[in-house]
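Notebook open, structure loaded. Today I want to look at the nonpolar packing and then at how the domains meet.

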Amino acid sequence: MPDRQQIYATTVQLIEPFNKKDAAITEATRFAQDLEWDSLTVLDFVATVEDEFDVIITMNMQAEIETVGQLVDALVRLKA
Amino acid sequence: MTDLFSKFDPLIEQRETLLESGLTDPFNLVMEEVESPTVAICNGKRTILLGTYNYMGMTFDPDVIAAGKKALEDFGSGTTGSRVLNGTYAGHKAVEQALMDFYAMDHAMVFSTGYQANLGVISTIAGKDDYIVLDIDSHASIYDGCALGNAQIVPFRHNDVEALDKRLRRLPAETGKLVVLEGVYSMLGDVAPLKEMVAVSKAAGAMVLVDEAHSMGFIGDHGRGVSEAQGVIDDVDFIVGTFSKSVGTVGGFCVSNHPKFEILRLVCRPYVFTASLPPSVVATAATSIRKLMDSAAKREHLWENSKRLHAGLRQLGFTLGTDDPQSAIIAVIMPDLETGAAMWEALLDEGLYVNLARPPATPAGMTLLRCSLCALHSESQVGDILGMFAAAGRATGCIS
């Protein structure tokens with residue numbers, strides 16, 4: 001089981017190709033407000049994360065995830 | 001006091017900016033008179049209708065009108081009640097029988113609108129621990145059905161069989177799964193690869209619901225839809241449809257062979273807690289559905305219309321939603337909302353009505369001029385339509 005730090009590092013890597021604004025990524029970065037992702041970008045990014053970690057992130061879970069840190073927490077739970 | 005309406009300010013502003021330019025409001029058109037399924041009077045002008053979903057042109061069918069009039073006389077103007085109380089008349093059972101005959105299925109349940117059919121069936125059959133796997137471009141009524149229920153929602157990329165398969169494989173084997181698909185997606189008029197999608201869904205132990213709203217009466221040898229045309233209708237657990245397109249009135253339904261299907265009449269809230277359809281509506285629907293069973297010649301003419309319009313618009317230089325004509329919907333892709341609205345108005349001035357569709361209804365933020373053909377559009381009308389698109393397209397700079 002990968003630890004939180006590993007999951008965070010991988011997540012930041014996965015964000016990179018979608019980070020069209022070249023925003024600095026931290027735990028507190030918000031997907032909608034800071035990265036300005038639209039729903040299609042979110043779908044593509046979520047699919048990439050799901051494939052990388054071999055998990056499902058339901059829309060119910062997505063509704064609770066605003067920041068990079070919250071996504072990492074969700075992935076830690078899913079991989080536990 | 002916080003004005004609860006302040007959340008709508010961006011939309012109000014966008015509309016005002018658009019209308020300040022002097023454009024006719026594309027979302028406020030009034031049809032003053034309706035001559036036929038293909039012609040109405042709008043702003044005093046005779047206008048060809050190319051955005052009505054009236055695919056089979058049943059709205060003025062003499063048998064349909066006669067059935068409606070008779071039911072209005074015999075049963076009154078409305079039922080004033082729920083299907084489970086005083087709102088089931090002979091006509092409601094008759095239209096359900098017509099649907100069972102049309103689809104060759106064991107059960108049919110009629111709702112007051114197609115929207116409510118999706119809302120009701122999806123929210124009721126998928127419970128808290130079940131998963132709904134759906135195409136990201138699903139209709140609002142499907143998403144609202146998900147929102148009304150409390151199942152786990154898993155979207156996948158539009159018409160992507162591999163994306164669907166991957167997600168199904170990751171779900172726990174023992175949980176309940178409902179895959180929700182559409183035969184024809186109404187924004188671009190593209191058809192789903194149901195053969196492959198139903199196969200991977202069944203392999204994963206999922207039940208499958210297909211919304212055939214935009215294919216009923218037209219696609220498939222018996223007009224049962226894309227699942228019939230692709231040979232997988234026997235593996236589809238639920239077909240949802242509407243009376244407000246090919247059938248030519250209003251109402252929605254679900255047909256199924258599930259042995260326990262009838263229990264839905266007691267547990268499906270959008271079925272129970274609303275008034276049933278008026279007697280005249282179910283009488284027109286039943287008559288129309290029975291006539292649609294035997295409409296092969298009309299289906300063929302509609303395909304001819306769709307092929308000709310698609311090829312003609314392409315030749316004029318318009319960008320279309322599909323590479324080939326896949327349904328009775330041809331979507332013309334506009335560069336932005338302003339150009340789309342200008343083109344929409346120019347077409348109306350020419351005497352042609354199409355649907356202006358824009359986000360959030362459209363995928364990928366597109367602005368579309370959506371054309372839906374009717375089996376009763378004559379060859380000469382399709383020629384006129386192409387002429388109007390040429391003139392309006394040049395006047396607005398959409399084509400050269």
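I started with the largest nonpolar core, which has 120 residues. I looked up which members touch the most others, and got B:Ile132, B:Val133 and B:Val332. Keep in mind that this is a predicted model.

Next I asked which element gives the most to this core. It is helix H11 of chain B, residues 279–292, with seven residues. I also checked the domains: the core takes at least three residues from each of domain 1 (30–56 + 296–396) and domain 2 (62–292) of chain B. Fine by me, since nonpolar side chains in soluble globular proteins tend to be buried together.

I then picked B:Ile132 and listed its contacts, skipping neighbours within four places in sequence. I found B:Ile122, B:Ala126, B:Cys146, B:Ala151, B:Ile153, B:Val154, B:Leu178 and B:Val180.

There is a second, separate core too, with six residues. Among them I noted A:Ile7, A:Val68, A:Val72 and A:Leu75.

On to the domains of chain B. I got 27 Å between the C-alpha centres of domain 1 and domain 2 of chain B. How many residues does each put into the contact? Domain 1 of chain B supplies 19 residues, and domain 2 of chain B supplies 19 residues.

I looked closer at the side of domain 1 of chain B that touches domain 2 of chain B. Helix H12 (296–316) and strand S13 (329–334) of chain B each supply at least two residues there. S13(B) gives the most, with three residues. By type, I wrote down 12 nonpolar, six polar and one charged for that side.

Definitions and conventions:
Residues are numbered from 1 along each chain as its sequence is written. Chains are lettered from A and ligands numbered from 1 in the order in which they are written. This is a predicted model: local features need pLDDT of at least 70, side-chain atom pairs count only at pLDDT 80 or more; totals for chains, interfaces and linings use all residues. A nonpolar core is a set of buried Ala, Val, Leu, Ile, Met, Phe, Trp, Tyr and Cys residues joined through C-beta atoms within 7 Å. A residue is buried if 20 or more other C-beta atoms lie within 10 Å of its own, exposed if 12 or fewer, and partly exposed in between; C-beta atoms are placed from the backbone. Helices (H or I, at least four residues) and strands (E, at least two) are DSSP runs, numbered from the N terminus. Domain bounds come from an automatic or database domain assignment. Two residues are in contact if their C-beta atoms, placed from the backbone, lie within 7 Å. Ala, Val, Leu, Ile, Met, Phe, Trp, Tyr, Cys and Pro count as nonpolar, Asp, Glu, Lys and Arg as charged, and the others, Gly among them, as polar.
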